[in-house]
Number of protein chains: 2
Amino acid sequence: MTGPDTATGRSLAKASRRSSLLAEAARLFAQHGYNGVSIEDLGAASGISGPAVYRHFAGKAAVLGALLVGVSRDLLEGGRAVAADGGTPGTVLARLVDFHADFALSHPDVIRIQDRDMDSLSPGDAAEVRRLQRAYIDVWADQLRGLHPGEDRAAARFRAQAVFGLLNSTPHSTHRADADPAARRERLVRMAVAALSAPVG
Amino acid sequence: MTGPDTATGRSLAKASRRSSLLAEAARLFAQHGYNGVSIEDLGAASGISGPAVYRHFAGKAAVLGALLVGVSRDLLEGGRAVAADGGTPGTVLARLVDFHADFALSHPDVIRIQDRDMDSLSPGDAAEVRRLQRAYIDVWADQLRGLHPGEDRAAARFRAQAVFGLLNSTPHSTHRADADPAARRERLVRMAVAALSAPVG
DNA sequence: AAATGACGTTAGTGTCCATTAACTGAATTG
DNA sequence: CAATTCAGTTAATGGACACTAACGTCATTT
């Protein structure tokens, strides 16, 4: 009598083990930092022990790489989908804010890991993540160029990064007795839109 | 013939060595992360080697503690001074934004360390830093309660933290060929004020 | 049903690194 | 000027930990 997870064969069991490892890694890295988590901890969280992790990832840095390349890809893909739906720069930016806020609020762990443990990545993964992040910023910057015709590309990118800082601040917030998540989200979105629309002077 | 630094006696030499260690630690921790810097690196950056650091600090964590308690104290002190000057909530908040933007732009290293290596602090230092940070947030929240009478204290704190995320985003920005720092600062301040003032809807 | 190979196990192994030990030489002090 | 303090040195020491080796076991394959 095999368990329900293994009922579908070895390759499926492996896939589920791998995603369990990634999910636990996200939780542990967010809580203790990449350097505060050992390979042993990582395996134990998924019910296997230490070296077995190497059957799924080439090393500890590869686990971090899979997480961060994944989140960067998801953000870029989602952002491009939003932009592809068209509309005025103002409405596209509003939808980008909605998308990003949803993402940050539903995946606070990876957000935290991304702006904390970026440079524990292997050189190759780091380059890939930077490339994806630049492309995502440019999705925003393209719309911002339309909203603020007087500002150059560097200014638009700067604005986008500042708003990411605002939207990504929630993982750092204390969350004690998280009173009203919907109101929190609404407030965050309003502030982001206001910052994006603020005239330069 | 003693060098100019040591001409004034041993205790002054010690004080200058200590501040050199702190300055180099800020630079190194910001660049490589707390765990990416060894005690040996730390000493070498100030011209002494490894274990000599223990003549100035109880341990590696104590160096980080001195840095982060220092920055938290400076922020709280500066924020309180701004608030003590009085004015309407709107004008006080504008001055708080100016103050914080200046701080973040002139000390990007410690800002980066603060929201990255917080939990490598000793328990005691961590508690102290959290206490100072809460007090600083409350300086902002007090003014925000005046600006948005309809929002409760938690909402005001949340707003403050989101704006810190925005203002503290500059250390993460790429800074390549830093075109116009003054314009950058101005844009940051405008966005922060807009986010602080945004009506909740 | 044998052969294969993937996934897991427990023991190393080597390295890095924070901290301590033992000692030295100069500045301070009485 | 002798005694002491103190910032510095180099040489252990001890632990954490990423990764490798050697081996077992069971599902898949032929």
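What rotation and what shift along its axis superpose chain A on chain B? In this predicted model, a turn of 180° with 0.0 Å of shift does the job, at an RMSD of 0.0 Å; the fit is by least squares on the C-alpha atoms of residues with pLDDT of at least 70 in both copies. That is how a two-fold axis relates two copies. The two chains also use the same surface to meet, since 100% of the contact residues of chain A recur in chain B, where contact means heavy atoms within 4.5 Å.

A few ground rules apply to the numbers here. Residues are counted from 1 along each chain as its sequence is written, while chains are lettered from A and ligands numbered from 1 in the order in which they are written. Local features need pLDDT of at least 70 and side-chain atom pairs pLDDT 80 or more, totals for chains, interfaces and linings use all residues, and side-chain values use heavy atoms, leaving out hydrogens and water.

Chain A itself has 8 helices and 0 strands, taking helices as DSSP runs of H or I with at least four residues and strands as runs of E with at least two, numbered from the N terminus. Read from the N terminus, the order is simply α-α-α-α-α-α-α-α. The C-alpha trace of chain A spans about 65 × 40 × 35 Å along its principal axes. Of its 201 residues, 46% are buried, meaning under 20% relative accessible area with a 1.4 Å probe and protein chains only. Among contacts in chain A with a separation of 6 or more, 69% join residues 24 or more positions apart.

Now to the DNA. Strand D is surrounded by 18 residues, and the closest are A:Ile39, B:Arg17, B:Ser49, B:Arg55 and B:His56; a residue is near a strand if one of its heavy atoms lies within 4 Å of it. By class, this surface has 7 nonpolar, 5 polar and 6 charged residues. Here Ala, Val, Leu, Ile, Met, Phe, Trp, Tyr, Cys and Pro are nonpolar, Asp, Glu, Lys and Arg are charged, and the others, Gly among them, are polar. Helix H1 of chain B (residues 10-32) gives the most to it, with 3 residues. Of the strand D atoms within 4 Å of the protein, 62% belong to sugar or phosphate, and the rest to bases.

Several N or O pairs fall within 3.5 Å. On strand D, a phosphate oxygen sits 2.4 Å from a side-chain N or O atom of B:His56, and another pairing puts a polar side-chain atom of B:Lys14 3.0 Å from a phosphate oxygen. The side chain of B:Arg10 has an N or O atom 3.4 Å from a sugar or linking oxygen of strand D.

Strand C also has 18 residues around it, the closest being A:Lys14, A:Arg17, A:Arg55, A:His56 and B:Ile39. Sugar and phosphate make up 59% of the strand C atoms within 4 Å of the protein. Helix H1 of chain A (residues 10-32) supplies the largest share of this surface, 3 residues. Phosphate oxygens of strand C lie 2.6 Å from a polar side-chain atom of A:His56, 2.8 Å from a side-chain N or O atom of B:Tyr54 and 2.9 Å from a polar backbone atom of B:Arg10.

Finally, an unreviewed UniProt entry places a "DNA-binding region" at residues 38-57 of chain A. That stretch is 35% helix and 0% strand, with its end C-alpha atoms 14 Å apart.

Notes. A polar contact is a pair of N or O atoms within 3.5 Å; within protein, one must be able to donate a hydrogen and the other to accept it, and residues adjacent in sequence count only if both atoms are side-chain atoms. UniProt positions are given in the numbering used here, feature names are shortened, and annotations may be inferred rather than shown by experiment. Buried means under 20% relative accessible area, exposed over 50%, partly exposed in between (1.4 Å probe, protein chains only).
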